[in-house]
Amino acid sequence: MKKIFLASLFLFLLPQVAWAEDILRLVIIFAMVPLVNVIMVILFAIFSHSGKAFLLNIGFIPLWVVFFWFFTSYTSSDFLAWLPILLSISHSLYLMFRTIRVMFINRAVSKADGKEI
């Protein structure tokens with residue numbers, strides 16, 4: 001029974017032609033990256049209280065989308081097609097790091113304000 005289970009698991013995880021053609025999930029995930037970036041920019045702007053940071057970071061999101069459209073439409077290079085996606089993911093990781101950092105800094109400052117020296 002254990003061997004059948006392991007063989008079934010292996011066949012399920014093995015990339016088959018049928019699985020490779022079903023790229024809809026991958027397309028949906030990558031299409032949601034700009035939406036996730038917008039949400040993270042809004043959260044970062046709320047926690048950092050900075051309109052300048054909001055405008056700067058929100059401006060990058062359409063830039064990644066336009067670069068992706070341009071490079072996939074007018075070049076045949078896979079590197080150039082994936083570059084805007086990788087930059088967008090890097091931007092979202094940067095936003096996540098900065099948002100968490102600002103949240104902890106704000107929390108530390110609010111705790112320090114409540115204590116007497």
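In this predicted model, His49 counts as exposed because its relative accessibility is 70%, above the 50% cut-off for that class. His49 sits in the loop that runs between helix H3 (24-48) and helix H4 (51-74). The backbone of His49 also deserves a second look: its phi is positive, at about 55°, although the residue is not a glycine. Most residues other than glycine have a negative phi. A student tracing the chain can therefore pick out His49 by two features together, its 70% relative accessibility and its positive phi.

From this loop, the view can widen to the whole chain. The secondary structure of the protein amounts to 5 helices and 0 strands, and reading along the sequence gives the pattern α-α-α-α-α. Of the 117 residues, 17% count as buried. The protein exposes about 9,400 Å², and carbon and sulfur atoms supply 76% of that area. Contacts also link parts of the chain that are far apart in sequence: among contacts with a separation of 6 or more, 61% are between residues 24 or more positions apart.

Asn57 offers a good place to see such contacts in detail. This residue is found in helix H4. Is Asn57 buried or exposed? Its relative accessible area is 5%, so Asn57 is buried, the cut-off for that class being under 20%. Leaving out residues up to four places away in sequence, Asn57 touches Val41, Phe44, His91, Tyr94 and Leu95. With one of these partners, His91, there is also a polar contact: the side chains of Asn57 and His91 are joined at 3.1 Å. Another asparagine, Asn37, is 20 residues from Asn57 in sequence, and the C-alpha atoms of the two are 8.9 Å apart in space.

Asn37 appears again in the surroundings of Ser92. Ser92 lies in helix H5, which covers residues 78-114. Which residues does Ser92 contact, leaving aside its neighbours within four places in sequence? They are Asn37 and Met40. Ser92 counts as buried because its relative accessibility is 11%. Asn57 is likewise buried, at 5%.

The last feature to explore is a group of aromatic rings. The structure holds 5 aromatic pairs. One of them is formed by Trp69 and Tyr74, an edge-to-face pair with 5.8 Å from centre to centre and 90° between the planes. Trp69 is partly exposed, since its relative accessible area is 49%, while Tyr74 counts as exposed because its relative accessibility is 56%. The boundary between these two classes is 50%.

Phe70 and Phe71 make another pair. Their ring centres are 5.7 Å apart and their planes meet at 65°, so this pair is edge-to-face too; the angle has to be over 60 degrees for that label. What is the relative accessibility of Phe70? At 38%, Phe70 counts as partly exposed. Phe71, in contrast, is buried, with a relative accessible area of 16%. Taken together, ring pairs link Phe67, Trp69, Phe70, Phe71 and Tyr74 into a cluster. This cluster includes a buried residue, Phe71, and an exposed one, Tyr74.

Technical notes
Residues numbered from 1 in each chain as written. Predicted model: local features only at pLDDT ≥ 70, side-chain atom pairs only at ≥ 80, totals over all residues. Heavy atoms only, no water. Helix = DSSP H or I, 4+ residues; strand = E, 2+ residues; numbered from the N terminus. Buried < 20%, exposed > 50% of the residue type's maximum accessible area, 1.4 Å probe, protein only. Contact = heavy atoms within 4.5 Å. Areas by Shrake-Rupley, 256 points an atom, 1.4 Å probe, with all protein chains shown as cover. Polar contact = N/O pair within 3.5 Å; in protein donor to acceptor, adjacent residues only side chain to side chain. Phe/Tyr/Trp six-rings, centres within 6.5 Å; stacked < 30°, edge-to-face > 60°.
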